[in-house]
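Reader: I like to see each label tested against its cut-off. Could you take me through this structure that way?

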Amino acid sequence: MIRCRELVELVTAYLDGVLPAQERERVDLHLAGCDGCTAYLAQIRATIAVLGRAGES
Ligand SMILES: [Zn+2]
């Protein structure tokens with residue numbers, strides 16, 4: 001099981017879809033049992049969505 005600090009380091013690659021399947025599985029496992037990181041991931045996703053929209057204009 002990875003730690004929260006490791007998840008933070010992996011989350012960008014995770015969202016970019018460039019994380020190896022094995023690593024992605026470990027992130028998913030961590031998220032399933034960690035409300036803090038689930039909220040963190042949602043926050044990062046929202047930020048990326050905002051930045052993406054800003055970049056379209
Ligand atoms: Zn966590």
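Author: Gladly, and let me start with a definition. Four donors count as tetrahedral if all angles lie between 85 and 135 degrees; four count as square planar and six as octahedral if opposite donors are over 155 degrees apart and all others between 65 and 115; anything else is irregular. A word on the source: this is a predicted model, in which local features need pLDDT of at least 70 and side-chain atom pairs count only at pLDDT 80 or more, while totals for chains, interfaces and linings use all residues. Residues are numbered from 1 along each chain as its sequence is written, and side-chain values use heavy atoms, with hydrogens and water left out.

Reader: What makes the arrangement around the zinc ion tetrahedral?

Author: The four donor atoms subtend angles of 104 to 113 degrees. Tetrahedral asks for angles between 85 and 135 degrees, so the arrangement earns the name.

Reader: Which protein atoms are donors of the zinc ion, and how do you know that they qualify?

Author: They are C4 (SG), H30 (NE2), C34 (SG) and C37 (SG), lying 2.0 to 2.3 Å from the ion. Donors are N, O and S atoms within 2.8 Å of the metal (3.2 Å for Na, K and Ca); water is not among the atoms, so sites may look incomplete. The distances of 2.0 to 2.3 Å meet that limit. In sequence, the donor residues follow the spacing C-x25-H-x3-C-x2-C. H30 and C4 are 26 residues apart along the chain, with their C-alpha atoms separated by 8.0 Å.

Reader: Why is H30 called buried?

Author: Buried means under 20% relative accessible area, exposed over 50%, and partly exposed in between (1.4 Å probe, protein chains only). H30 has 7% relative accessibility, so it counts as buried. C34 is buried as well.

Reader: What about L10 and A21: buried or exposed?

Author: L10, at 18%, is under the 20% limit and therefore buried. A21, with 51%, is over 50% and so exposed. L10 lies in helix α1, and A21 is found in helix α2. For the chain of 57 residues, 21% count as buried.

Reader: How many helices and strands does the chain have, and what counts as one?

Author: Three helices and zero strands, running α-α-α from the N terminus on. Helices (H or I, at least four residues) and strands (E, at least two) are DSSP runs, numbered from the N terminus.

Reader: Why are α1 and α2 called oblique to each other?

Author: Axes are lines fitted to C-alpha atoms, for helices over the stretch in contact, and angles run from 0 to 180 degrees between N-to-C directions. The axes of helix α1 (residues 4-16) and α2 come within 10 Å and cross at roughly 125 degrees. Angles under 35 degrees count as roughly parallel, over 145 as roughly antiparallel, 65 to 115 as roughly perpendicular and the rest as oblique. The crossing angle of roughly 125 degrees falls in the rest, so the two helices are oblique.

Reader: How do you know that R26 and E23 form a salt bridge?

Author: A salt bridge is a side-chain nitrogen of Lys or Arg within 4 Å of a carboxyl oxygen of Asp or Glu. The closest N and O atoms of R26 and E23 are 2.8 Å apart, so the pair qualifies. A search of the whole structure finds one salt bridge. R26 and E23 are three residues apart in helix α2 (residues 21-33), which means about one helical turn separates them. R26 is partly exposed at 31%, and E23 is partly exposed at 22%.
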